[in-house]
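The exercises below are meant to be worked through with the sequence and the 3D structure in view. Please attempt each task before reading the solution that follows it.

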Amino acid sequence: MSAMDYDNDELIFLDDDGSTDEQVLLGKDWNILIVDDDEEIHTVTRLALSDLVVNDRKLNFIHAYSGKQAKELLHEYGNEIAIILLDVVMETDDAGFDVVKYIREDMKLFEPRIILRTGQPGYAPEEQVIKVYDINDYKTKTELTRAKLLTTIIASLRSYQQIITISQNRAGLEKIITSSANLFEEHSVKAFCEGVVTQISSLIGLDSEGLLCARAGSLIDREDEDVYVLGAAGEYAKYINKPIGELNKEDIADNVARCLRFKKHIFEPGFSVLFICRAGFEAAVYVRQTHEISDLDRDLLEVFLSSISVGYENVNLFHELRNAAFRDWLTRLPNRNEFINMLDKPHIFAGDDCCVALIDVNHFSDINDGLGQEVGNELLRAISERFQTAFDEGVKKGRIGADVFGLIGPATLVSPDSINEIFSSSFQVGDHTLPVNVTLGLCKLDSKRNIGIEILKRTNIALNRAKKNLTDNFEYYAKDIEDQTTWRLDMIRRLRSDFAARKLELWFQPQVDLLSEKVVGMEGLLRWPDGDGGYISPTVFVPLAEYSGLIVDIGEWVLEESCRRLQQLRELDYGNLRVAVNISIPQFRDRLFVDKVKHALSTANCDPSLLELEITESVVMDEPQIVIDALRTLKEFGVKIAIDDFGTGFSSMSYLQQLPLDRLKVDRSFVKDIKPGASAVLAETIVTLGNKLGLLTIAEGVEKREQASYMIKLGCDEAQGYLYAKPMPFDDLLEFLKEQD
């Protein structure tokens, strides 16, 4: 086809007056790919279509001279090419058909419109070509006059635009549906808002260029009331989650603010701002447009916005729900649940050298009690803000408990020195200047993947150890600490299980009068069988029972068992013998302790004077007033009181005078010091003190005859030890008493 074929067609210009001045266009050019091995065809086509404007958009011509070159350009431009004017016969007789097949089947490009042109009429039947290939038209070059070419181009562009609109509709709806189904995901707000922008643009026949803004800083964890970009498409996408002011486009910011202020849509030449409102959740959608929005489009937008506002409300509500589940309401930091989630994936933000820290504010309850809870809350917020200032986003922060914060990050930053530096200066809270001391538990992470709750547990173990550290305020987790803790918990579980199964035993060690060596009483001693024929030492399990609180129940059972045995002894004509029972501080803290002692005696119908309660100096010094009050009540009831291990602690003599004592026990460590030809000053002092106070004295751990003789010489009244008898079960005790008769 030559240029002369166009001579009879009237040239069409942009302006009615024939002016060729360039018009300022709002939209982008339509990309037209001309594929032909004849340079003249390229020239004539470009000349015929050079001034064509469709929907305020000019044509941009891209040239290829072979099927191979066309494929390369298609890979570069993709579906940005609106129309392909494609010659059938080029390097091969069916090169054009091969390109069509490549476009539709290999590249999966369905949007570009294809117009086949051939210089050889009848080469391929038109009907067959159109059936087999997705093309818009198939013409011979001789019949494709300028007028027909224009008609074909305009129809194809409209077809292309409709297909693109449908595609954008589908993409926008997919994003909205996807975001609705994944509202709990971190980016659901972004995906939803971006889908809104894309869908609105599609509805009014535009490319996806716009942004959705709102005063919704809480949606992106901001505390201010600035207007933020929550979703965007096109050139605005890079501003998502940023204040609208960062666009540096005052007209956009002003019009969005105007829309939110007046709560209504704004339709102006070149742009529109659409108002979304549902249940108090408001947003404005700015879209840039190339043509005026029709009344029909406005009606469609009204329906769409009314529908989509429900989704926007749901986004906000679900975000608030997620905050309630994973955000601390006071500091806005991640809470314990979210902190554990972050610990499940430390490799994402901390790399290999990662450390976790728990920071416990010391004596925080004193601030709440003394200055009020509001001051305490303000202090927690101030601590949170100082963490935010001291550490960048590379260190994750959280509030784990009432006064416990957590950090996750590089070990060089999450360290005792850097954390203590944060608390080196006081906090200004209202009118109060508050110095804050903290205790730190730290756990370094290795390259292994660990469960978040397990990491938190290990860090908490380190924190508990740090609270017992007398030299430093921090402790790093070590495996032996966990092993020790695991062992302790396992032993406590076993002890609780065996106690419930009544496997614990109460043995008795006789106590004798030093002069006559006759049995005057027994000390009840708890024994725990290990299941292998041996026994676990009381020095091991008694502290565990006290630590777990189980000692209260065990102590009650020991009292009841002792009284029951006293009743049996009375029935066997040993009614003059007493039983001594050790009492721990947790038992004294039990408000029903006194009643339990009385109940045990009454149930067994025992003489209270035959029950002796033994306490240690440490028990007295721990809760002196509680102990003194309880013992005085029991003393009035008739129960005997002895102080065990006297002289091993740091007793206050004033408390000693207040205790209603009957007997002092000389600790075995002082009796052990007794050797032939040497004096035992401490044993002598205790016996002398007991005599001065009018108390009976009993020596523990007497194993040798010379020890007994020395204690008699000092004036000691009674003794117990291996020299006389070892601890034994009750049945063996009865046999022992029979032998003594």
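**Exercise 1. A partly exposed loop residue**

Task: Locate Lys-263, decide whether it is buried, partly exposed or exposed, and state what is notable about its phi.

Solution: Begin with the place of the residue, bearing in mind that this is a predicted model: Lys-263 lies in the loop that runs between helix H7 (250–262) and strand S8 (266–268). Next, take its relative accessible area, which is 45%; because buried means under 20% and exposed over 50%, Lys-263 counts as partly exposed. Finally, turn to the backbone, where the phi of Lys-263 is near 60 degrees, a positive value in a residue other than glycine. Most residues other than glycine have a negative phi.

**Exercise 2. A second loop residue with positive phi**

Task: Carry out the steps of the previous exercise for Asp-573, giving its place, its exposure and its phi.

Solution: Asp-573 is found in the loop between helix H17 (551–571) and strand S21 (578–582). Its relative accessible area is 70%, so Asp-573 is exposed. As for the backbone, Asp-573 is not a glycine, and yet its phi is positive, at about 70 degrees.

**Exercise 3. A buried glutamate**

Task: Describe the surroundings of Glu-614, and find which side chain it joins in a polar contact.

Solution: First, place the residue: Glu-614 belongs to strand S22, which covers residues 611–616. Second, consider its accessibility, which is 0% in relative terms, so that Glu-614 counts as buried. Third, list what it touches when residues up to four places away in sequence are not counted; among these are Gln-511, Glu-523, Ala-580, Asn-582, Asp-644 and Lys-665. Fourth, look at the side chains, where a polar contact of 2.8 Å joins Glu-614 to Lys-665.

**Exercise 4. Two buried helix residues**

Task: For Thr-45 and then for Ser-167, name the helix that holds the residue and decide whether the residue is buried or exposed.

Solution: Thr-45 sits in helix H1 (residues 39–49), and its relative accessible area of 1% means that it is buried. Leaving out residues up to four places away in sequence, Thr-45 touches Ile-34, Leu-85, Arg-117 and Leu-149. Ser-167, for its part, sits in helix H5 (residues 146–181). Its relative accessible area is 19%, and because the cut-off for buried is under 20%, Ser-167 is buried as well. A further step concerns distance: Ser-167 and Glu-111 are separated by 56 residues in sequence, while their C-alpha atoms are 8.5 Å apart in space.

**Exercise 5. Two helix pairs**

Task: Describe how helix H19 meets helix H21, and then how helix H9 meets helix H14.

Solution: Two packed helices are described by the angle between their axes and the distance between the axes. For helix H19 (residues 593–604) and helix H21 (residues 624–637), the axes come within 10 Å and cross at roughly 25 degrees. Angles under 35 degrees count as roughly parallel, and therefore H19 is roughly parallel to H21. The crossing of H19 past H21 is right-handed. On the H19 side the contact is made by Phe-593, Val-594, Val-597, Lys-598 and Leu-601, and on the H21 side by Ala-630, Thr-633, Leu-634 and Phe-637.

One of these residues can be followed further. Phe-637, in helix H21, has a relative accessible area of 33% and so is partly exposed. Beyond its neighbours within four places in sequence, Phe-637 is in contact with Lys-598, Leu-601 and Pro-608.

In the second pair, helix H9 (residues 336–343) packs against helix H14 (residues 452–467) at an angle of about 105 degrees, with the axes 7 Å apart. This makes H9 roughly perpendicular to H14. Here Arg-336, Phe-339, Ile-340 and Leu-343 in H9 meet Gly-452, Ile-453, Ile-455 and Leu-456 in H14.

**Exercise 6. The whole protein**

Task: What is the mean pLDDT of the protein, and which elements have the lowest and the highest mean pLDDT?

Solution: The mean pLDDT of the protein is 85, and 87% of its residues reach 70 or more. Among the elements, helix H10 (residues 347–350) has the lowest mean, 54, whereas strand S18 (residues 505–513) has the highest, 97. Over residues 1–27 the pLDDT is below 50. To complete the picture, the protein has 26 helices and 26 strands, and 48% of its 741 residues count as buried.

Terms used
Residues are numbered from 1 along each chain as its sequence is written. This is a predicted model: local features need pLDDT of at least 70, side-chain atom pairs count only at pLDDT 80 or more; totals for chains, interfaces and linings use all residues. Side-chain values use heavy atoms; hydrogens and water are left out. Helices (H or I, at least four residues) and strands (E, at least two) are DSSP runs, numbered from the N terminus. Buried means under 20% relative accessible area, exposed over 50%, partly exposed in between (1.4 Å probe, protein chains only). A polar contact is a pair of N or O atoms within 3.5 Å; within protein, one must be able to donate a hydrogen and the other to accept it, and residues adjacent in sequence count only if both atoms are side-chain atoms. Contact means heavy atoms within 4.5 Å. pLDDT is the predictor's confidence in each residue, from 0 to 100. Axes are lines fitted to C-alpha atoms, for helices over the stretch in contact, and angles run from 0 to 180 degrees between N-to-C directions. Angles under 35 degrees count as roughly parallel, over 145 as roughly antiparallel, 65 to 115 as roughly perpendicular and the rest as oblique. A crossing is left-handed if the near helix is turned anticlockwise from the far one by less than a right angle, and right-handed if clockwise.
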